[in-house]
Amino acid sequence: SEVVQTRERLRETEDRLSLVISATSIGTYDSIGPGNEIFWDQGMYDIFELPPTSDLDLHAYFFSVIHPDQKEEFLKIFDKTVEKSKVSERYFKYSL
């Protein structure tokens, strides 16, 4: 059926995305729902050398490590992305 085929294509796409994320050592950060619940994949925890069970405020921590030279630019892009509810792919320096 069409639903089964669509689910299979989605699974294949998710598998390819997982492979790319794993192979490139990148992480994904997502803000979900009306409460803006923060989601980090394992790659984000690996990048920042944090345990996945960390009690940190992930949103605040993420903003605290954006490199000072790029913080203003990052905040503008972040706010615009949230305002328009769009996905944004950006690369920024961070400092630990």
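**Figure 1. Aspartate 15, a partly exposed residue of helix α1.** In this predicted model, aspartate 15 has a relative accessible area of 43% and is therefore classed as partly exposed. Its salt-bridge partner is arginine 11, with 2.5 Å between the closest N and O atoms. The two residues are both in helix α1, where four positions, about one turn of the helix, separate them.

**Figure 2. Glutamate 8 and arginine 11 on helix α1.** A salt bridge joins the side chains of glutamate 8 and arginine 11, at an N to O distance of 2.6 Å. Helix α1 covers residues 2–24, and because the two partners are three residues apart within it, about one helical turn lies between them. Glutamate 8 is partly exposed, at a relative accessible area of 33%. Arginine 11 is also partly exposed, its relative accessibility being 38%.

**Figure 3. The salt bridge between lysine 76 and glutamate 72.** The closest N and O atoms of lysine 76 and glutamate 72 are 3.5 Å apart, a distance that satisfies the 4 Å cut-off for a salt bridge. Both residues belong to helix α4 (residues 71–84); they are four residues apart, and so about one helical turn separates them. Lysine 76 and glutamate 72 are both exposed. Elsewhere, salt bridges with shared partners link Glu8, Arg11 and Asp15 into one network. The model contains three salt bridges under this criterion.

**Figure 4. Helix α1 and the residue that follows it.** The 23 residues of α1 should span 33 Å at 1.5 Å a residue, and the end C-alpha atoms of the helix are 33 Å apart, so the expected and modelled values agree. Serine 25, just after α1, adopts a positive phi of about 55°.

**Figure 5. Aspartate 41, a buried acidic residue without a salt bridge.** Aspartate 41 is placed in the loop that runs between β2 (37–40) and α2. Although buried, aspartate 41 forms no salt bridge. The nearest side chain of opposite charge belongs to arginine 16, at 17 Å, whereas a salt bridge requires the nitrogen and the carboxyl oxygen to be within 4 Å. With residues up to four places away in sequence set aside, aspartate 41 is in contact with Ile21, Ile26, Gly27 and Thr28.

**Figure 6. The largest nonpolar core.** This core comprises 13 residues, and those touching the most other members are Trp40, Phe48, Leu50, Tyr61, Phe62 and Phe74. Two or more core residues come from each of the elements α2 (42–47), α3 (58–64) and α4. Helix α3 provides the largest share, four residues. In soluble globular proteins, nonpolar side chains tend to be buried together.

**Figure 7. The protein chain as the setting for the close-up views.** The chain holds four helices and two strands, arranged along the sequence in the pattern α-β-β-α-α-α. Of its 96 residues, 21% are buried. The exposed surface of the chain amounts to about 7700 Å², and 54% of this area is supplied by carbon and sulfur atoms. Among contacts in the chain with a separation of 6 or more, 25% are between residues 24 or more positions apart.

Conventions:
Residues are numbered from 1 along each chain as its sequence is written. This is a predicted model: local features need pLDDT of at least 70, side-chain atom pairs count only at pLDDT 80 or more; totals for chains, interfaces and linings use all residues. Side-chain values use heavy atoms; hydrogens and water are left out. Buried means under 20% relative accessible area, exposed over 50%, partly exposed in between (1.4 Å probe, protein chains only). A nonpolar core is a set of buried Ala, Val, Leu, Ile, Met, Phe, Trp, Tyr and Cys residues joined through side-chain atoms within 4.5 Å. Contact means heavy atoms within 4.5 Å. Accessible areas come from the Shrake-Rupley method with a 1.4 Å probe; for residues, only the protein chains shown count as cover. The expected span of a helix is 1.5 Å times one less than its number of residues. Lys and Arg count as positive and Asp and Glu as negative; His and the chain ends are not counted.
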